[in-house]
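Me: I am new to this structure. Please walk me through it, and tell me what stands behind each term.

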Amino acid sequence: MTDESFVSFGEQGAQLTYGSYLRLPQLLDSQHLESDPPAHDELLFITIHQVYELWFKQLLHEVTAARDAMLGGVDGGRLWWAQHLLARVHVIERTLIQQVDVLETMTPQDFLEFRQQLAPASGFQSVQFRELEFMSGAKDSSYLQRFKGITELERQHLDARLAEPTLWDAFLHVLDSSGFATGSDEEVTASLRTVAHDRDQHAVVWALAEALLQHDELAASWRARHVVMVERMIGAKSGTGGSSGATYLRSRLPVQYYPLLWELRSAL
Ligand code: HEM
């Protein structure tokens, strides 16, 4: 082998390394246990939440771009891109649901070794999770009052999301730009029925409606998976965030991002 054979593609500048590109020193120094002496399972608990937050960041990136592509309407020519990104969103969401299995390898008694140190921190305070809900269509400004201890920057992010068009607003624009009436719920339902019954003409609009419904269904699956895991971990105890725990979480199971897409099923 000659020396040249060691010079591979892209190595000429030799500035970047795997670790520096991925900021591994910072990333791998971000798991700090609260328990002392260290509880064995706390690293898993921190890691899984951090992984979720990274995926939430990616989901916000994809959902924002999918929304913008739909806001271009039919004439914008980017509806294929929205479809492509929403398909990716679904795969990430399935990953998020499956990941709960990893955390369930922790037993309730091992969790109790460090649980008391966590209050009042809670997944309830996940700003990115709430941003995703807002972007998807479930805007509820009362969460801003209920959030305690979030930073000014996080509050600004939430305010901005409340003011932005949602995926549903963008989908209505797609319908509108395809010549359909969207002035009232009744008009939207009538338009959706036409789309559903004439897929030869409206294949892309129908595909986007189905992609949104899939996103909604996967969010519901996550909520259902999370609450069952919570019951397994803490039973009927209240949450570290101060809610009634599983009772609060069960009250959120009926949330639907796109009720008109669900009602359409009955109207077909
Ligand atoms: C041992 C594991 C877990 C337990 C016992 C647990 C428990 C709870 C409880 C009781 C709540 C209600 C709010 C409260 O009073 O604290 C909650 C909310 C929440 N948790 Fe978890 N959780 C666990 C793991 C996770 C993980 C891994 C995530 C991933 C990010 C997560 C995300 C959330 C979110 C986003 C909420 C707010 C849900 C909503 O408002 O609908 N949780 N959790």
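Reply: Start with the word helix. Helices (H or I, at least four residues) and strands (E, at least two) are DSSP runs, numbered from the N terminus. By that rule, residues 199–234 form helix α11, and His226 has its place there. This is a predicted model, where local features need pLDDT of at least 70, side-chain atom pairs count only at pLDDT 80 or more, and totals for chains, interfaces and linings use all residues. Residues are numbered from 1 along each chain as its sequence is written, and side-chain values use heavy atoms, with hydrogens and water left out.

Me: How many helices and strands does the protein chain have?

Reply: The count is 13 helices and zero strands. From the N terminus on, the elements read α-α-α-α-α-α-α-α-α-α-α-α-α. Along its principal axes, the C-alpha trace spans about 65 × 65 × 35 Å.

Me: What makes His226 a donor to the iron atom of the ligand?

Reply: Donors are N, O and S atoms within 2.8 Å of the metal (3.2 Å for Na, K and Ca). NE2 of His226 is 2.2 Å from the iron, so it counts as a donor. His226 is the single donor from the protein. Water is not among the atoms, so sites may look incomplete.

Me: Which polar contacts link side chains to the ligand?

Reply: A polar contact is a pair of N or O atoms within 3.5 Å. Within protein, one must be able to donate a hydrogen and the other to accept it, and residues adjacent in sequence count only if both atoms are side-chain atoms. The side chain of Arg130 has an N or O atom 2.8 Å from a ligand oxygen. For Arg252, a side-chain N or O atom is also 2.8 Å from an oxygen of the ligand. A polar side-chain atom of His226 is 2.9 Å from a ligand nitrogen. These distances fall within the 3.5 Å limit, so the pairs are polar contacts.

Me: How do you know which residues are around the ligand?

Reply: A residue is near if one of its heavy atoms lies within 4 Å of the molecule or strand in question. There are 27 residues around the ligand, and Ser122, Arg130, His226, Ser243 and Tyr248 come nearest. Helix α11 gives the largest share of this shell, six residues. By class, the shell has 15 nonpolar, 10 polar and two charged residues. Here Ala, Val, Leu, Ile, Met, Phe, Trp, Tyr, Cys and Pro count as nonpolar, Asp, Glu, Lys and Arg as charged, and the others, Gly among them, as polar.

Me: Why is the space taken by the ligand called a pocket?

Reply: The search uses a 1 Å grid over the protein atoms alone. A pocket is an open set of points with protein on both sides within 12 Å along at least five of seven lines. A molecule sits in one if more than half of its atoms lie within 2 Å of its grid points. The ligand takes the largest pocket. That pocket holds about 1600 Å³ of space. Volume means the space filled by probe spheres set on the points, which are joined across faces, edges and corners.

Me: What lines the largest pocket?

Reply: Its lining has 49 residues, with His49, Ala121, Ser122, Gly123 and Phe124 nearest the centre. Lining residues have an atom within 4 Å of a point. Helix α3 supplies the largest share, nine residues. The classes are 23 nonpolar, 16 polar and 10 charged.

Me: What makes a space a cavity?

Reply: A 1.4 Å probe fits at its points but cannot get out. The structure holds one cavity of 30 Å³ or more. The largest cavity has about 170 Å³ of space. Its lining has 14 residues, and Glu93, Phe129, Ala219, Trp222 and Tyr257 lie nearest the centre. Helix α11 gives five of them, the largest share.

Me: Which peptide bonds are cis?

Reply: One runs from Asp36 to Pro37, with omega near 5°. Pro37 lies in the loop between α2 (24–27) and α3. Another joins Ala119 and Pro120, with omega about 0°. Pro120 is in the loop between α5 and α6.
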